Amino acid sequence: MATQIQPHSSRAIRDVESGGDYTTRGQSGEYGAYQFTYDTWKQWAAEFLGNPEAPLTPENQDKVASAKIASLIAQGYGPQEIALIWNGGTPTIKSGVNQFGVQYDTGAYAQKVLNQLQQYL
(Lines give C-alpha, C1' and ligand atoms only; values in the text may rest on other atoms or scores of the structure.)
Protein backbone atom coordinates (compact mmCIF):
# COMPACT_ATOMS: atom_id res chain seq x y z
CA MET A 1 0.00 0.00 0.00
CA ALA A 2 2.85 2.43 0.82
CA THR A 3 4.22 2.17 -2.72
CA GLN A 4 0.75 3.04 -4.03
CA ILE A 5 0.31 5.97 -1.63
CA GLN A 6 3.68 7.61 -2.34
CA PRO A 7 3.24 8.83 -5.93
CA HIS A 8 -0.39 9.73 -5.31
CA SER A 9 0.46 11.65 -2.13
CA SER A 10 2.89 13.89 -3.98
CA ARG A 11 0.30 14.48 -6.70
CA ALA A 12 -2.40 15.29 -4.11
CA ILE A 13 -0.11 17.71 -2.27
CA ARG A 14 0.89 19.36 -5.56
CA ASP A 15 -2.75 19.76 -6.57
CA VAL A 16 -3.74 21.29 -3.22
CA GLU A 17 -0.68 23.53 -2.94
CA SER A 18 -0.67 24.99 -6.44
CA GLY A 19 -3.05 23.25 -8.79
CA GLY A 20 0.10 21.91 -10.47
CA ASP A 21 1.68 25.32 -11.21
CA TYR A 22 5.45 24.94 -10.83
CA THR A 23 6.05 28.70 -10.79
CA THR A 24 3.40 29.95 -8.37
CA ARG A 25 4.30 32.00 -5.29
CA GLY A 26 2.53 31.73 -1.95
CA GLN A 27 1.53 34.54 0.39
CA SER A 28 4.28 33.61 2.85
CA GLY A 29 7.08 33.42 0.28
CA GLU A 30 6.66 29.78 -0.73
CA TYR A 31 7.44 28.86 -4.29
CA GLY A 32 6.59 26.19 -6.82
CA ALA A 33 4.16 23.35 -7.22
CA TYR A 34 4.71 22.09 -3.67
CA GLN A 35 5.10 25.55 -2.11
CA PHE A 36 8.62 25.10 -0.74
CA THR A 37 9.95 27.82 1.55
CA TYR A 38 13.46 29.01 0.76
CA ASP A 39 14.98 27.25 3.79
CA THR A 40 13.03 24.03 3.23
CA TRP A 41 14.09 23.89 -0.41
CA LYS A 42 17.77 24.35 0.47
CA GLN A 43 17.59 21.64 3.14
CA TRP A 44 15.63 19.10 1.12
CA ALA A 45 17.50 19.80 -2.14
CA ALA A 46 20.75 19.13 -0.29
CA GLU A 47 19.36 15.95 1.23
CA PHE A 48 17.66 14.50 -1.84
CA LEU A 49 19.53 16.05 -4.79
CA GLY A 50 22.92 16.55 -3.17
CA ASN A 51 22.85 20.28 -3.93
CA PRO A 52 21.26 22.95 -1.73
CA GLU A 53 21.49 25.38 -4.65
CA ALA A 54 19.67 23.10 -7.10
CA PRO A 55 17.29 25.08 -9.31
CA LEU A 56 13.57 24.73 -8.67
CA THR A 57 12.86 23.10 -12.02
CA PRO A 58 9.67 21.05 -12.30
CA GLU A 59 11.78 17.88 -12.44
CA ASN A 60 13.73 18.82 -9.29
CA GLN A 61 10.56 19.82 -7.45
CA ASP A 62 8.98 16.44 -8.24
CA LYS A 63 12.13 14.54 -7.24
CA VAL A 64 12.46 16.36 -3.92
CA ALA A 65 8.76 16.07 -3.06
CA SER A 66 8.66 12.36 -3.95
CA ALA A 67 11.83 11.62 -2.00
CA LYS A 68 10.63 13.54 1.07
CA ILE A 69 7.27 11.76 1.03
CA ALA A 70 9.01 8.39 0.60
CA SER A 71 11.21 9.20 3.60
CA LEU A 72 8.14 10.07 5.70
CA ILE A 73 6.45 6.81 4.67
CA ALA A 74 9.63 4.93 5.61
CA GLN A 75 9.43 6.56 9.04
CA GLY A 76 5.93 5.13 9.46
CA TYR A 77 3.82 8.20 8.71
CA GLY A 78 0.49 7.80 6.95
CA PRO A 79 -1.18 10.15 4.47
CA GLN A 80 -2.81 12.44 7.04
CA GLU A 81 0.41 12.82 9.01
CA ILE A 82 2.37 13.47 5.82
CA ALA A 83 -0.04 16.24 4.87
CA LEU A 84 0.17 17.76 8.35
CA ILE A 85 3.98 17.67 8.24
CA TRP A 86 4.01 19.16 4.75
CA ASN A 87 1.83 22.06 5.79
CA GLY A 88 2.95 22.67 9.37
CA GLY A 89 6.24 20.87 9.97
CA THR A 90 4.82 18.43 12.54
CA PRO A 91 2.22 15.64 12.42
CA THR A 92 -0.15 17.62 14.63
CA ILE A 93 -3.21 19.72 13.89
CA LYS A 94 -2.71 23.41 14.54
CA SER A 95 -4.09 26.71 13.36
CA GLY A 96 -3.29 30.37 13.70
CA VAL A 97 -1.61 33.22 11.88
CA ASN A 98 1.98 32.91 10.68
CA GLN A 99 4.72 35.55 10.82
CA PHE A 100 3.54 36.93 7.47
CA GLY A 101 -0.01 37.48 8.71
CA VAL A 102 -1.41 34.54 6.77
CA GLN A 103 -3.96 32.30 8.50
CA TYR A 104 -3.35 28.56 8.48
CA ASP A 105 -5.22 25.44 9.57
CA THR A 106 -3.21 22.26 9.12
CA GLY A 107 -6.20 20.03 9.85
CA ALA A 108 -8.27 21.59 7.07
CA TYR A 109 -5.25 21.39 4.75
CA ALA A 110 -4.72 17.70 5.54
CA GLN A 111 -8.40 17.00 4.83
CA LYS A 112 -8.09 18.65 1.40
CA VAL A 113 -5.05 16.49 0.63
CA LEU A 114 -6.83 13.34 1.80
CA ASN A 115 -9.87 14.20 -0.32
CA GLN A 116 -7.62 14.72 -3.34
CA LEU A 117 -5.71 11.53 -2.60
CA GLN A 118 -8.94 9.50 -2.61
CA GLN A 119 -9.47 10.50 -6.24
CA TYR A 120 -6.21 8.79 -7.21
CA LEU A 121 -6.46 5.56 -5.21
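1. Buried here means under 20% relative accessible area, and in this predicted model that label applies within helix H3 to Asn60, Gln61, Val64, Ala65, Lys68, Ile69, Ser71, Leu72 and Ile73. Helix H3 has 17 residues and reaches 24 Å from its first C-alpha to its last, which is close to the 24 Å expected at 1.5 Å a residue. Just after H3 comes Gly76, whose phi is positive at about 100 degrees.

2. The packing of helix H2 (residues 38-49) on helix H3 (residues 58-74) is described by an angle of about 80 degrees, with the two axes 9 Å apart. With that angle, H2 is roughly perpendicular to H3. On the H2 side the contact is made by Trp41, Trp44, Ala45, Phe48 and Leu49, and on the H3 side by Asn60, Gln61, Lys63, Val64, Ala67, Lys68 and Ser71. Sorted by character, the residues of this contact divide into seven nonpolar, three polar and two charged.

3. Helix H2 itself has 12 residues and reaches 15 Å between its first and last C-alpha, close to the 16 Å expected at 1.5 Å a residue. Its buried residues include Trp41, Trp44 and Ala45. Seen down the axis of H2, the buried residues fall within an arc of 105 degrees, so they line one face of the helix. On the other side of H2, Asp39 and Gln43 are exposed, whereas the buried residues pack against H3 and helix H4 (79-88). Just after H2, Gly50 has a positive phi of about 80 degrees.

4. Helix H4, one of the partners of the buried residues of H2, has buried residues of its own, among them Ile82, Ala83, Leu84, Ile85 and Trp86. Gly89 follows just after H4, with a positive phi of about 85 degrees.

5. A positive phi also appears at a residue other than glycine, namely Gln35, where the value is near 55 degrees. Most residues other than glycine have a negative phi, and a reviewer may therefore wish to look at this backbone position. Gln35 is found in the loop between H1 and H2, and because its relative accessible area is 12%, Gln35 is classed as buried.

6. Arg14 lies in helix H1 and, despite its charged side chain, counts as buried because its relative accessibility is 17%, a value under the 20% cut-off. Not counting residues up to four places away in sequence, Arg14 touches Gly19, Gly20, Tyr22, Ala33, Tyr34 and Asp62.

7. Asp62, one of the residues that Arg14 touches, lies in helix H3 and counts as partly exposed because its relative accessibility is 23%. Leaving aside neighbours within four places in sequence, Asp62 is in contact with Arg14, Tyr22 and Tyr34. Asp62 and Gln80 are 18 residues apart in sequence, and their C-alpha atoms are 20 Å apart in space.

8. Gly20, which also appears among the residues touched by Arg14, lies in the loop between H1 and H2 and is partly exposed, with a relative accessible area of 26%. Setting aside residues up to four places away in sequence, Gly20 touches Arg14 and Asp15. The C-alpha atoms of Gly20 and Tyr34 are separated by 8.2 Å, although these residues are 14 residues apart along the chain.

9. Ser9 has its place in helix H1 (residues 2-18) and counts as buried because its relative accessibility is 4%. Not counting residues up to four places away in sequence, Ser9 touches Ile69 and Leu117, and Ile69 is itself listed among the buried residues of H3.

10. Glu59, by contrast, lies in helix H3 and counts as exposed because its relative accessibility is 52%. Glu59 and Ala45 are 14 residues apart along the chain, with their C-alpha atoms separated by 12 Å; Ala45 belongs to the buried residues of H2.

Key:
Residues are numbered from 1 along each chain as its sequence is written. This is a predicted model: local features need pLDDT of at least 70, side-chain atom pairs count only at pLDDT 80 or more; totals for chains, interfaces and linings use all residues. Side-chain values use heavy atoms; hydrogens and water are left out. Axes are lines fitted to C-alpha atoms, for helices over the stretch in contact, and angles run from 0 to 180 degrees between N-to-C directions. Helices (H or I, at least four residues) and strands (E, at least two) are DSSP runs, numbered from the N terminus. Angles under 35 degrees count as roughly parallel, over 145 as roughly antiparallel, 65 to 115 as roughly perpendicular and the rest as oblique. Contact means heavy atoms within 4.5 Å. Buried means under 20% relative accessible area, exposed over 50%, partly exposed in between (1.4 Å probe, protein chains only). The expected span of a helix is 1.5 Å times one less than its number of residues. The arc is that of the directions from the helix axis to the C-beta atoms.
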